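Trainee: I would like to take a close look at one part of this model, the surroundings of its ligand. Please go through that part carefully, and then place it in the rest of the chain.

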Amino acid sequence: MHPDRGEPLHARQLLVATGRRTDFAALGIGAVGLDESARDIEVDEHLRAADGVWAIGDITGRGAFTHMSMYQARLAAADILGTATDPAQYHAVPRVTFTDPEVGAVGMTEAEARDAGLTVRTAVTDLAASTRGWIHKVGNAGLIKLVEDADRGVLVGATSVGPQGGEVLSALAVAVHAEVPTHTLRGMIYAYPTFHRAIETALDSLA
Ligand SMILES: Cc1cc2nc3c(=O)[nH]c(=O)nc-3n(C[C@H](O)[C@H](O)[C@H](O)COP(=O)(O)OP(=O)(O)OC[C@H]3O[C@@H](n4cnc5c(N)ncnc54)[C@H](O)[C@@H]3O)c2cc1C
C-alpha cells in the first residue's frame, strides 16, 4: 500500500529498513542519572549528558552516521580535557547513500525548510543533460537539488545524485555549513567539464 494515498504499489524489489535502537535499560544508564526509557540521550552543545557524563554517536539521535560519531567524539574529548571548542552545530549534516547512483544530501530537505517557516527557493538540474553527463554516457542519471533560504540568500540544504554523488556533495556541504551567499556561489568559477558544474546550472534556476 502507498503509505500516503492508501493505493496498492507495484514494484519488483522491496527494501526493508528496520533501524536500530539502543537498549538503555540493559546498559544501566539510570545509574548515572539518565532516563533509561528515553529514545535518545539528551546532550548539550558540548555533548554533556549529566555531571561528569558525556554521550556521542547514534545514542544522541543527531544522525546515525560514523562521521557524526567522530565529530561529536572530537568535541566531547576537547570538553573533557578542558580545551575550548566551538559548540556542536547540526545545520549541515551530510549523509550519503552508497547506491547506484550515489545519493548525497546535506542540511535541510525542502520539506524541512518549508516546515521551519523559511521563504524557500529551490532548483533541480538534470545531471545527464550536463556536459559531463553527456561525456559519461551510460550511468549518467542524476540531479543536483538546491534549497535556499531566500530571505538570507544562503543554501540551507542540497542533494547530489549521480556518479560520485557523495563527492560532488562536498562543495554543497561547504556552502551550507559556512552559509556562503548564493550570490557568491554564482560568482565563482566551476571547472569544465566536471559533474559539479551542474551546481552552477542549478543556481541559475533557483525560483
Ligand atoms: C550495516 C551498516 C552500514 C553502515 N554504513 C554507514 C556508512 O556507510 N556511513 C556512515 O556514516 N554510517 C554508516 N553506518 C552507521 C554507523 O555504523 C554508526 O552510525 C556508527 O557506527 C555509530 O557510532 P557509535 O559510536 O554511536 O556506535 P557504535 O559504532 O555502534 O559503537 C558502539 C560500541 O559500543 C560497544 N558496546 C555496546 N554495548 C557495550 C557495553 N555494554 N559495554 C561496552 N561496550 C559496549 C559496541 O561493541 C561498539 O563497539 C552503518 C551502520 C550499519 C549497521
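Trainee: Which residues are around the ligand?

Mentor: The model is predicted, so local features are used only at pLDDT of at least 70 and side-chain atom pairs only at pLDDT 80 or more, while totals for chains, interfaces and linings use all residues. Numbering starts from 1 along each chain as its sequence is written, and side-chain values use heavy atoms, with hydrogens and water left out.

The residues around the ligand, meaning those with a heavy atom within 4 Å of it, are Arg-20, Leu-27, Gly-57, Asp-58, Ala-64, Phe-65, Thr-66, His-67, Ser-69 and Phe-98. Helix H2, which spans residues 66-80, supplies the largest share of this shell, with three residues; helices here are DSSP runs of H or I with at least four residues, and strands are runs of E with at least two, both numbered from the N terminus.

Polar contacts, which are pairs of N or O atoms within 3.5 Å, add detail to this list. A polar backbone atom of Thr-66 is 2.8 Å from an oxygen atom of the ligand, and an N or O atom in the side chain of Ser-69 lies 2.9 Å from a ligand oxygen. For Ala-64, a backbone N or O atom is 3.2 Å from an oxygen atom of the ligand. On its own the ligand has 1000 Å² of accessible area, of which the protein covers 34%, areas being computed by the Shrake-Rupley method with a 1.4 Å probe.

As for the rest of the chain, the protein has seven helices and seven strands, and from the N terminus on they run α-β-β-α-β-β-α-β-α-β-β-α-α-α. Of the 207 residues, 35% are buried, that is, under 20% relative accessible area, with exposed residues over 50% and partly exposed ones in between. Towards the C terminus, helix H7 (residues 197-204) has Ala-198, Ile-199, Glu-200, Ala-202 and Leu-203 buried, and its buried residues pack against strands S5 (120-126) and S6 (143-149) as well as helices H5 (165-178) and H6 (182-187).

Strand S7 (residues 154-162) holds Leu-155, which counts as buried because its relative accessibility is 2%. Its contacts (heavy atoms within 4.5 Å), leaving aside residues up to four places away in sequence, include Leu-146, Val-147, Leu-172, Val-176 and Leu-185. Thr-182 is 27 residues from Leu-155 along the chain, yet their C-alpha atoms are separated by 6.7 Å.

Asn-140, in the loop between helix H4 (131-136) and S6, also counts as buried, because its relative accessibility is 18%. A polar atom of its side chain lies 2.9 Å from the backbone oxygen of Gly-133.

Some backbone details deserve a careful look as well. Most residues other than glycine have a negative phi, and most peptide bonds are trans. Leu-47, however, has a positive phi near 70° and sits in the loop between helix H1 (24-27) and strand S1 (48-50), whereas Gln-164, with a positive phi of about 55°, is in the loop between S7 and H5. The peptide bond from Asp-100 to Pro-101 is cis, with omega near 5°, and Pro-101 belongs to the loop between strand S3 (94-97) and strand S4 (102-107). Another cis bond joins Tyr-192 to Pro-193, with omega near -5°, and Pro-193 lies in the loop between H6 and H7.

Definitions and conventions: Buried means under 20% relative accessible area, exposed over 50%, partly exposed in between (1.4 Å probe, protein chains only). A polar contact is a pair of N or O atoms within 3.5 Å; within protein, one must be able to donate a hydrogen and the other to accept it, and residues adjacent in sequence count only if both atoms are side-chain atoms.
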